[in-house]
Amino acid sequence: TEAGGITQVISAFQVPMTGHETGSVTFLDTPGHAAFKSMRQSGSDAADIIVLVVAADDGVSPQTVEILNFYKSIVKGSSGSGISLVVALNKIDKP
(Lines give C-alpha, C1' and ligand atoms only; values in the text may rest on other atoms or scores of the structure.)
Protein backbone atom coordinates (compact mmCIF):
# COMPACT_ATOMS: atom_id res chain seq x y z
CA THR A 1 0.00 0.00 0.00
CA GLU A 2 2.97 2.29 -0.28
CA ALA A 3 4.28 3.86 -3.43
CA GLY A 4 7.57 5.65 -3.09
CA GLY A 5 7.31 5.38 0.70
CA ILE A 6 3.98 7.24 0.79
CA THR A 7 0.87 5.50 2.11
CA GLN A 8 -1.83 5.52 -0.56
CA VAL A 9 -4.81 4.15 1.41
CA ILE A 10 -7.22 5.44 4.01
CA SER A 11 -8.13 3.20 6.91
CA ALA A 12 -10.28 3.31 10.01
CA PHE A 13 -10.57 1.13 13.07
CA GLN A 14 -12.19 1.18 16.49
CA VAL A 15 -10.82 0.31 19.90
CA PRO A 16 -13.34 -0.66 22.60
CA MET A 17 -13.16 1.49 25.73
CA THR A 18 -14.83 -0.03 28.76
CA GLY A 19 -16.53 2.66 30.78
CA HIS A 20 -16.13 5.29 28.04
CA GLU A 21 -19.38 7.16 27.27
CA THR A 22 -19.32 6.19 23.58
CA GLY A 23 -17.99 2.69 24.18
CA SER A 24 -15.13 3.00 21.70
CA VAL A 25 -12.59 5.29 20.12
CA THR A 26 -12.43 5.52 16.33
CA PHE A 27 -9.15 6.10 14.52
CA LEU A 28 -9.03 7.45 10.97
CA ASP A 29 -5.70 7.11 9.21
CA THR A 30 -5.13 9.42 6.27
CA PRO A 31 -1.96 9.63 4.23
CA GLY A 32 0.26 12.68 4.72
CA HIS A 33 0.43 13.30 0.99
CA ALA A 34 -0.74 16.77 -0.07
CA ALA A 35 -3.48 15.24 -2.24
CA PHE A 36 -5.32 14.28 0.98
CA LYS A 37 -5.22 17.78 2.53
CA SER A 38 -8.92 18.59 2.13
CA MET A 39 -9.91 15.20 3.53
CA ARG A 40 -7.84 15.77 6.66
CA GLN A 41 -9.33 19.24 7.12
CA SER A 42 -12.91 18.06 6.73
CA GLY A 43 -12.29 15.20 9.16
CA SER A 44 -11.18 17.62 11.84
CA ASP A 45 -14.81 18.62 12.45
CA ALA A 46 -15.40 15.23 14.07
CA ALA A 47 -11.99 14.85 15.72
CA ASP A 48 -11.10 15.04 19.38
CA ILE A 49 -7.42 14.41 18.86
CA ILE A 50 -4.90 14.65 16.04
CA VAL A 51 -2.00 12.22 16.07
CA LEU A 52 0.82 13.43 13.85
CA VAL A 53 3.32 10.67 13.10
CA VAL A 54 6.72 11.92 11.97
CA ALA A 55 9.34 9.54 10.64
CA ALA A 56 12.59 10.38 12.43
CA ASP A 57 14.63 9.47 9.38
CA ASP A 58 12.59 11.83 7.18
CA GLY A 59 12.41 14.77 9.57
CA VAL A 60 10.02 17.66 9.09
CA SER A 61 8.29 17.49 5.72
CA PRO A 62 5.99 20.05 4.07
CA GLN A 63 3.03 17.93 5.24
CA THR A 64 4.30 18.10 8.83
CA VAL A 65 4.35 21.90 8.64
CA GLU A 66 0.90 21.87 7.00
CA ILE A 67 -0.61 19.86 9.86
CA LEU A 68 1.04 22.02 12.52
CA ASN A 69 -0.22 25.22 10.84
CA PHE A 70 -3.68 23.71 10.40
CA TYR A 71 -3.78 22.74 14.08
CA LYS A 72 -2.69 26.26 15.11
CA SER A 73 -5.50 27.72 12.98
CA ILE A 74 -8.06 25.43 14.63
CA VAL A 75 -6.94 26.43 18.12
CA LYS A 76 -6.72 30.14 17.25
CA GLY A 77 -10.13 30.14 15.56
CA SER A 78 -11.93 28.40 18.39
CA SER A 79 -12.47 29.72 21.87
CA GLY A 80 -12.73 26.24 23.35
CA SER A 81 -11.46 23.76 20.80
CA GLY A 82 -11.41 20.31 22.32
CA ILE A 83 -8.92 19.01 19.77
CA SER A 84 -5.56 17.95 21.16
CA LEU A 85 -2.38 17.30 19.20
CA VAL A 86 -0.02 14.40 19.86
CA VAL A 87 3.23 14.18 17.90
CA ALA A 88 4.69 10.68 17.65
CA LEU A 89 8.08 9.80 16.21
CA ASN A 90 8.64 6.48 14.51
CA LYS A 91 11.67 4.89 12.87
CA ILE A 92 13.86 6.23 15.68
CA ASP A 93 15.79 2.96 15.77
CA LYS A 94 17.20 3.43 12.28
CA PRO A 95 20.89 4.34 12.11
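Is A56 buried, partly exposed or exposed? A56 is partly exposed, because its relative accessible area is 39%, between the cut-offs of 20% and 50%. This is a predicted model. The protein has an average pLDDT of 76. Its largest nonpolar core has eight residues, and its salt bridge count comes to one.

**Confidence**

- A pLDDT of at least 70 is reached by 73% of the residues.
- Strand β6, residues 84-90, has the highest confidence, with a mean of 88.
- Strand β1, residues 2-3, has the lowest, with a mean of 56.

**The largest nonpolar core**

- Its members are I50, L52, V54, I67, F70, Y71, I74 and I83.
- Two elements, β5 (49-55) and α2 (62-77), each give two or more residues to this core.
- The biggest contribution comes from α2, which gives four residues.
- Take Y71 as an example of a core member. Beyond its neighbours within four places in sequence, Y71 is in contact with I50, I83, S84 and L85.
- Two of those partners, I50 and I83, are listed in the core as well.

**T64 in helix α2**

- T64 is a residue of helix α2.
- Is T64 buried or exposed? T64 counts as buried, because its relative accessibility is 7%, and buried means under 20%.
- Which residues does T64 contact, leaving aside its neighbours within four places in sequence? They are L52, V54 and G59.
- Of these, L52 and V54 belong to the largest nonpolar core.

**The salt bridge**

- Side chains of opposite charge can pair when their charged atoms come close.
- Here the side chains of K94 and D57 form a salt bridge, at 3.0 Å from N to O.
- The pair joins distant parts of the chain, 37 residues apart. K94 sits in the segment after β6, and D57 in the loop between β5 and α2.
- K94 is partly exposed, because its relative accessibility is 46%.
- D57 is partly exposed too, because its relative accessible area is 39%.

**A56 and its surroundings**

- A56 lies in the loop between β5 and α2. That loop also holds D57 of the salt bridge.
- Where do A56's contacts fall, once its neighbours within four places in sequence are left aside? A56 is in contact with N90, K91 and I92.
- A56 and K94 are 38 residues apart along the chain, yet their C-alpha atoms are separated by 8.3 Å.

**K91, an unusual backbone angle**

- K91 is in the segment after β6. K94 is placed in that segment as well.
- Most residues other than glycine have a negative phi.
- K91 is not a glycine, but its phi is positive, about 60°.
- K91 counts as partly exposed, because its relative accessible area is 40%.
- K91 is also one of the contacts of A56.

**A nonpolar patch on the surface**

- Which residues form the nonpolar patch? They are F13, V15, M17 and F27.
- Together they have about 320 Å² of accessible area.
- V15 lies in strand β3, residues 11-16.
- V15 counts as partly exposed, because its relative accessibility is 31%. Patch residues need over 30%, so V15 passes that cut-off.

Terms used:
Residues numbered from 1 in each chain as written. Predicted model: local features only at pLDDT ≥ 70, side-chain atom pairs only at ≥ 80, totals over all residues. Heavy atoms only, no water. pLDDT = per-residue confidence, 0-100. Core = buried A, V, L, I, M, F, W, Y, C linked by side-chain atoms within 4.5 Å. Buried < 20%, exposed > 50% of the residue type's maximum accessible area, 1.4 Å probe, protein only. Contact = heavy atoms within 4.5 Å. Salt bridge = Lys/Arg side-chain N within 4 Å of Asp/Glu carboxyl O. Patch = residues over 30% accessible without salt bridge, like charges linked within 9 Å, V, L, I, M, F, W, Y side chains within 5 Å. Areas by Shrake-Rupley, 256 points an atom, 1.4 Å probe, with all protein chains shown as cover.
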